[in-house]
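These notebook entries record what I looked up in one protein chain, beginning with enclosed space and ending with single residues.

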Amino acid sequence: MKRRIEYVAPFGGSVEDILRSIGVSSSICTSLRKALGLVCRITDSGESPIRLIDRLSQGERFCIYLIDECVKPMPKLDVPVNIVYEDDDIAVIDKQAGIAVIPVRGHYGKSLANALANIWGDFVYRPVNRLDRDTSGLMIVAKNQLAHSALTAEHIYREYVALCSGVFVGEKSGEINLPIKRSIEGLRRQVDPSGDKAVTCYEVLEQYKDYFSAKFILKTGRTHQIRVHSSYMGYPLCCDKLYNPNPQNVICPNGKILDRQALHSCQLEFVHPISGEKLKFLSQAEFL
């Protein structure tokens, strides 16, 4: 895959200094040094290759070419993918539950990466915010290394809705600030003082007979963060087979029967990593 991105020099200086000032990482600059022609000066007569040590004047136009050299053949999976937004740099996907985001052992050939390869052809897979296999909703895939390095999960507003077991008691909104680490029990994570910082904001939306709906906003992005925090607080997600001791199917407020963890990525807001445009996406959970 090849991507051309054009810039106007905001000040006079070396190409590398200008690129670094506009957020291009050192690793990408290193890749741009590998071959002449990946950075070009733009004039009325066309493009001419330049090096990162060459200087540009303020207002001069130039472009970079991003080329993935490590594309490997990927098994294709013919399943529907709901792509709600796509351009040359990113795609926003409304993922269905039941498909893994990462093609790891147990899901190799059956992941979202394989489903996208069936649409796009072989490519380098760069998911930005990852969702668990049985969590549904919005996620971002970067289509080049510049978009991926510029879009970190901590700079994305990530809102989820969930159904949590139990009758809620206490403040209807607040913040859970409890570190999380990997448990010795397989895939599980747990709250532990020696773990990584994990911050989740919550708001109880509506109480039903034996469960309630809630909104969660992630301030950090630990594996299973919402599932671990809600379980630790005594309100595990409905149907969560990993963290709920009684993960039986539940009849949802809309009458649907749910047999997987009741968690949905319902809102993403972020600044486009290349254009700078502010973007917002919404998705309705199947269980509400």
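Entry 1, the cavity. I take a cavity to be a set of grid points where a 1.4 Å probe fits but cannot get out, and its lining residues to be those with an atom within 4 Å of a point. The model I examined is predicted. I found one cavity of 30 Å³ or more in the structure. The largest cavity has a volume of about 40 Å³. I listed its lining as Pro80, Val81, Asn82, Ile93, Asp94, Lys95, Gln96, Ile99 and Leu112. By class, this lining holds five nonpolar, two polar and two charged residues. I then looked up which element gives the most to the lining of the largest cavity: strand S8 (residues 90-95) does, with three residues.

Entry 2, the chain as a whole. I counted five helices and 20 strands in the protein chain. Along the principal axes, the C-alpha atoms fill a box of roughly 70 × 40 × 35 Å. The chain has 288 residues, and 49% of them are buried. I also looked at contacts with a separation of 6 or more, and 63% of these join residues 24 or more positions apart.

Entry 3, the largest pocket. I noted a volume of about 1000 Å³ for the largest pocket. Its lining has 36 residues, and the closest to the pocket centre are Leu131, Asp132, Arg133, Thr223 and His224. Two elements give two or more residues to this lining, namely strand S11 (157-165) and helix H5 (225-232). Helix H5 gives the most, with three residues. I sorted the lining of this pocket by class and obtained 14 nonpolar, eight polar and 14 charged residues.

Entry 4, the nonpolar cores. The largest nonpolar core has 31 residues, and I recorded Leu116, Tyr125, Met139, Cys164 and Phe216 as those with the most contacts inside it. Helix H3 (112-120), strand S10 (136-142), S11, strand S15 (199-207) and strand S16 (211-218) each give two or more residues to this core. Helix H3 gives the most, with five. I found a second, separate core of 23 residues, which includes Ala9, Val15, Ile42 and Leu56.

I followed Cys164 further. Leaving out residues up to four places away in sequence, Cys164 touches Tyr211, Phe212, Ala214, Phe216, Tyr235, Pro236, Leu237 and Cys238.

Entry 5, Gln261. I located Gln261 in the loop between strand S18 (257-258) and strand S19 (263-271). Is Gln261 buried or exposed? Its relative accessible area is 5%, so I class Gln261 as buried, the cut-off being under 20%. The side chain of Gln261 makes a polar contact of 3.3 Å with the side chain of Arg227. Beyond its neighbours within four places in sequence, I listed Asp132, Asp134, Thr135, Arg227, Cys238, Cys239 and Asp240 as the contacts of Gln261. Cys238 is also one of the residues that Cys164 touches, and Asp132 is among those closest to the centre of the largest pocket.

Entry 6, Ser31. I placed Ser31 in helix H2 (residues 26-32). Which residues does Ser31 touch, not counting those up to four places away in sequence? I found Leu38 and Gln145. I also looked up the separation of Ser31 and Leu66, which stand 35 residues apart along the chain, and their C-alpha atoms are separated by 8.5 Å.

Conventions:
Residues numbered from 1 in each chain as written. Predicted model: local features only at pLDDT ≥ 70, side-chain atom pairs only at ≥ 80, totals over all residues. Heavy atoms only, no water. Helix = DSSP H or I, 4+ residues; strand = E, 2+ residues; numbered from the N terminus. Buried < 20%, exposed > 50% of the residue type's maximum accessible area, 1.4 Å probe, protein only. Polar contact = N/O pair within 3.5 Å; in protein donor to acceptor, adjacent residues only side chain to side chain. Contact = heavy atoms within 4.5 Å. 1 Å grid on protein atoms, 1.4 Å probe; cavity = no way out; pocket = protein on both sides within 12 Å on 5 of 7 lines; lining within 4 Å. Points joined across faces, edges and corners; volume = space filled by probe spheres on them. Nonpolar A, V, L, I, M, F, W, Y, C, P; charged D, E, K, R; others polar. Core = buried A, V, L, I, M, F, W, Y, C linked by side-chain atoms within 4.5 Å.
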